[in-house]
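Here is a short briefing on a protein model and its ligand. Take a look at the sequence and the structure before reading on.

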Amino acid sequence: MHVACSECAAPASPFSLCRCGGLPEFALGDVRLDPLGLRRTLRERRASYEPLFASGVWRLRELLPPIPGQAIVSLAEGNIPLYDSAAGARYAGVDRLAYLHLGMSPTGSFKDLGMTVAVSAAVASGARAVVCASTGNTASSMAAYAARAGLDAFALVPRGRVSDAKLGQMREYGARVVEVDGSFDDAFAELARMDGAMIVNSINAYRIEGQKCAAYAMLEARGWRVPDWIALPGGNLGNISAFAKGLREARQLGLIDTLPRIALIRAARGVDTSASAIAIGDPKSLRRSQRALRDFDGIEHFLDDDAILAAKAAIGREGIGCEPASAASLGGIRALRACGAIEPDADVVAVLTGHVLKDVRAHAHALA
Ligand SMILES: *Cc1c(COP(=O)(O)O)cnc(C)c1O
Ligand SMILES: [Zn+2]
């Protein structure tokens, strides 16, 4: 597998931006795998007692960049529930809706899928420390995987904008937390001063490789039937890039033969939204996400906080629950259905990105 710039296609390092400013990306190349054999292998690995295959990410090892087994740091991530929801379908006004709950992960967000690969790559490359800028979930995930690997972890977070649960979690795992005045974007700018530690934000191409496994998990759970739509919240826009990459590859491999449409839901209030995980003004994967929206006949929608928190309450009432940013997917489907952009007979997967315990204040606040 080689790494190239996603903008100018020049050979690139997986760990840093290209000279043109583009993000590095692994290319699957012309891997030839028999799709039926691959489906069977996935089933067999799910049933095996091999510890590495307790991970839904590493069960897809042949589709990931090569990393020596002894460098792999895993917390059995990537076993992602897909919850069918009649109540969610009614709420959004579509025929069929299911939640792909990526918040049901070791540290409570989808960041774990990417972090297991990024920290494993850091170990393989001999790094002693990792660093990220974060609204909380990336840092929590990094802290856990770094601790498992015995690496130092540095988290740059926007002061006063990270939930207590996320701060407590990253400290619990032993990260050094540096609070930066301003927003996520200001914390991100500080990364440049942290030389010596490997950056594990989603500009690190290994993150996207792990996160693309969520698309495979969704397809596998649906018996490889492609939904009409996938809706997901967007912050830094790494997740939509990863989903798009996974889906494109699944089609290239012959696992599926059509692509879903993608609804990308962002916060209308930008850096001031109470959905703190998507409070980002200057998304680093913007160009990649625009390409994904083009390729998947997608729609980008900006949702206000009232609609996000109303959808969160609906998901909570079903006994599922999620953190505020996650609920943007359900709220977005409802809004896009209401304006006719999503058809009433659609079969939709709403991606929930974070666990309900990540942020319990936004909910209480909404009820006050
Ligand atoms: C990181 C995160 C997002 C945003 O994902 P991006 O890849 O930055 O677009 C949304 N929801 C939750 C809970 C997150 O942790
Ligand atoms: Zn480039």
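The points below cover the ligand, the cavity and the pocket.

This is a predicted model. Ligand 1 takes up the space of the largest cavity. The protein covers 95% of the 380 Å² of accessible area that ligand 1 has on its own. An open pocket is described after the cavity.

**Ligand 1 and its shell**

- Ligand 1 is surrounded by 15 residues.
- The closest of them are Lys 111, Asn 137, Gly 235, Asn 236 and Thr 353.
- By class, the shell holds 5 nonpolar, 8 polar and 2 charged residues.

**Backbone contacts to ligand 1**

- Asn 236 has a backbone N or O atom 2.7 Å from an oxygen atom of ligand 1.
- For Leu 237, a backbone N or O atom lies 2.8 Å from an oxygen atom of the ligand.
- Asn 239 also places a backbone N or O atom 2.8 Å from an oxygen atom of ligand 1.
- With the protein around it, ligand 1 has 95% of its 380 Å² of accessible area covered.

**The largest cavity**

- Rolling a probe the size of a water molecule over the atoms shows where empty space is left.
- The count comes to 2 cavities of 30 Å³ or more.
- The largest cavity holds about 330 Å³ of space.
- Its lining consists of 29 residues.
- Closest to the centre of this cavity are Phe 110, Lys 111, Gly 235, Asn 236 and Ala 277.
- Lys 111, Gly 235 and Asn 236 are also among the residues closest to ligand 1.
- Three helices each supply at least two lining residues: H4 (137-149), H7 (205-211) and H9 (238-252).
- H9 gives the most to this lining, with 3 residues.
- The lining of the largest cavity has 11 nonpolar, 15 polar and 3 charged residues.

**The largest pocket**

- About 490 Å³ of space lies in the largest pocket.
- The pocket is lined by 22 residues.
- Arg 161, Ser 274, Ser 276, Asp 359 and Arg 361 are the closest to the pocket centre.
- Helix H5 (164-172) and helix H13 (361-367) each add at least two residues to the pocket lining.
- H13 gives the most to the pocket lining, with 3 residues.
- By class, the residues lining the pocket divide into 8 nonpolar, 8 polar and 6 charged.

Technical notes: Residues numbered from 1 in each chain as written. Chains lettered and ligands numbered in written order. Predicted model: local features only at pLDDT ≥ 70, side-chain atom pairs only at ≥ 80, totals over all residues. Heavy atoms only, no water. Near = heavy atom within 4 Å. Polar contact = N/O pair within 3.5 Å; in protein donor to acceptor, adjacent residues only side chain to side chain. Areas by Shrake-Rupley, 256 points an atom, 1.4 Å probe, with all protein chains shown as cover. 1 Å grid on protein atoms, 1.4 Å probe; cavity = no way out; pocket = protein on both sides within 12 Å on 5 of 7 lines; lining within 4 Å. Sits in = over half its atoms within 2 Å of the grid points. Nonpolar A, V, L, I, M, F, W, Y, C, P; charged D, E, K, R; others polar. Points joined across faces, edges and corners; volume = space filled by probe spheres on them. Helix = DSSP H or I, 4+ residues; strand = E, 2+ residues; numbered from the N terminus.
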